Amino acid sequence: MTHRFSCVPMATAMAPFTVPALASDLAPPSVPSSFFLFSDTQVGDRRVMDSREPGVPATRGNSLNGRSIPKTVLTIGHANAGAYRTDVVSLDIPRSGSQEPSGYAFPNLDIQTGIGATEACGLHRATLSGNALTGPEAFALPGFVEDVSLCYGTDLNSKNTSFGSEKRLVVAGLNVAFDVPAGLRDLAVHASREFNRNGTVPLPARDTEFDAMPELGIVYGQPDKVDVFVGFQYWRNKFGNDAARLPGSEETTAPAGVSFHVF
């Protein structure tokens with residue numbers, strides 16, 4: 001899954017869902033504007049062999065490194081585009097190995113199910129084309145920039161561990177689609193605000209919120225029926241936890257996988 005879409009966050013950009021940037025790239029001009037100019041649905045699977053999670057310490061060595069957790073991630077995604085806008089929705093279902101058991105009582109890792117944790121991550125991103133809204137080629141710079149779009153979206157997640165993350169993220173900003181012969185090259189710059197949960201701290205402090213932050217997304221994609229990919233992922237102070245204090249709050253890993261365009 002090459003998670004490509006206008007206004008996609010950096011972490012998502014490594015996923016295998018490929019979404020073209022502009023309606024003009026997606027179908028012949030003769031297609032009626034009242035119908036989708038483009039529609040694509042994908043199913044994918046990827047492996048993350050060396051993930052980390054806050055509050056899951058290593059069994060030996062430097063405990064701040066956290067425990068190495070293998071994960072498999074099933075992804076289902078859909079994208080479509082009209083004359084003025086694009087939309088993408090996706091659902092990731094990561095399943096951890098027994099190294100991160102579900103339902104353990106932090107920090108007593110002897111109280112656990114022995115079954116790996118399961119997470120559900122939903123994402124929506126949308127754009128409104130600057131060229132389509134203000135006039136043809138208003139934001140185009142031939143040979144360099146094809147369009148500048150407004151972009152917005154949200155992330156939602158839930159996980160069955162004591163940490164129990166409940167991510168609620170909203171983003172808004174601009175997406176620049178570069179003028180390339182095929183596929184897409186996009187740069188998204190937007191503001192984000194996250195609300196979450198940290199079940200490892202006493203009540204009533206478990207609901208957490210973060211300051212508004214800038215986010216940068218760089219996306220590269222080429223059309224194909226089957227996508228095979230390798231990505232790079234780095235987290236520092238994961239989910240707002242201090243990597244110098246809580247084990248597993250820093251992660252460096254390389255996901256890899258495959259996705260299929262089913263219709």
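This passage describes the fold, surface and aromatic pairs of a predicted model.

The chain contains two helices and 13 strands. Of its 263 residues, 46% are buried. Among contacts with a separation of 6 or more, 63% join residues 24 or more positions apart. The chain exposes about 12900 Å². Carbon and sulfur atoms supply 62% of that area.

A nonpolar patch of about 870 Å² lies on the surface. Its members are Val43, Leu74, Ile76, Leu91, Ile93, Val226, Val228, Phe260, Val262 and Phe263. Strands S2 (69–81), S3 (85–96) and S10 (226–230) each give two or more residues to the patch. Leu91 belongs to strand S3. Its relative accessibility is 35%, so Leu91 counts as partly exposed.

Leu91 is also in contact with Gly122. Gly122 sits in strand S4 (residues 119–129). Beyond its neighbours within four places in sequence, Gly122 also contacts Ser90, Thr154, Asp155 and Leu156. Gly122 counts as partly exposed because its relative accessibility is 25%. Gly77 is 45 residues from Gly122 in sequence, and the two C-alpha atoms are 9.6 Å apart.

Strand S11 (residues 233–236) pairs with S12 in the antiparallel sense, over four bridges. Arg236 has Glu250 in S12 as its bridge partner. In a regular strand, side chains alternate between the two faces of the sheet. Strand S12 (residues 250–253) shows alternation of this kind. Glu251 and Thr253 point to one face and are buried. Glu250 and Thr252 point to the other face and are not buried.

Three aromatic pairs were counted. The ring centres of Phe144 and Phe178 are 5.6 Å apart, with planes at 65 degrees, so this pair is edge-to-face. Phe144 lies in the loop between helix H2 (130–134) and strand S5 (145–159), and Phe178 lies in strand S6 (residues 168–178), so the pair ties together parts 34 residues apart in sequence. Phe144 is partly exposed, with a relative accessible area of 47%. Phe178 is partly exposed at 23% relative accessibility.

The pair of Trp235 and Phe239 is likewise described by its rings: the centres are 5.3 Å apart and the planes are at 70 degrees, so the pair is edge-to-face. Trp235 is partly exposed, with a relative accessible area of 24%. Phe239 has 18% relative accessibility and counts as buried, because the cut-off for buried is under 20%. Ring pairs link Trp235 and Phe239 with Phe163 into a cluster.

Methods:
Residues numbered from 1 in each chain as written. Predicted model: local features only at pLDDT ≥ 70, side-chain atom pairs only at ≥ 80, totals over all residues. Heavy atoms only, no water. Patch = residues over 30% accessible without salt bridge, like charges linked within 9 Å, V, L, I, M, F, W, Y side chains within 5 Å. Areas by Shrake-Rupley, 256 points an atom, 1.4 Å probe, with all protein chains shown as cover. Salt bridge = Lys/Arg side-chain N within 4 Å of Asp/Glu carboxyl O. Buried < 20%, exposed > 50% of the residue type's maximum accessible area, 1.4 Å probe, protein only. Pairing = 2+ DSSP bridges. Contact = heavy atoms within 4.5 Å. Phe/Tyr/Trp six-rings, centres within 6.5 Å; stacked < 30°, edge-to-face > 60°.
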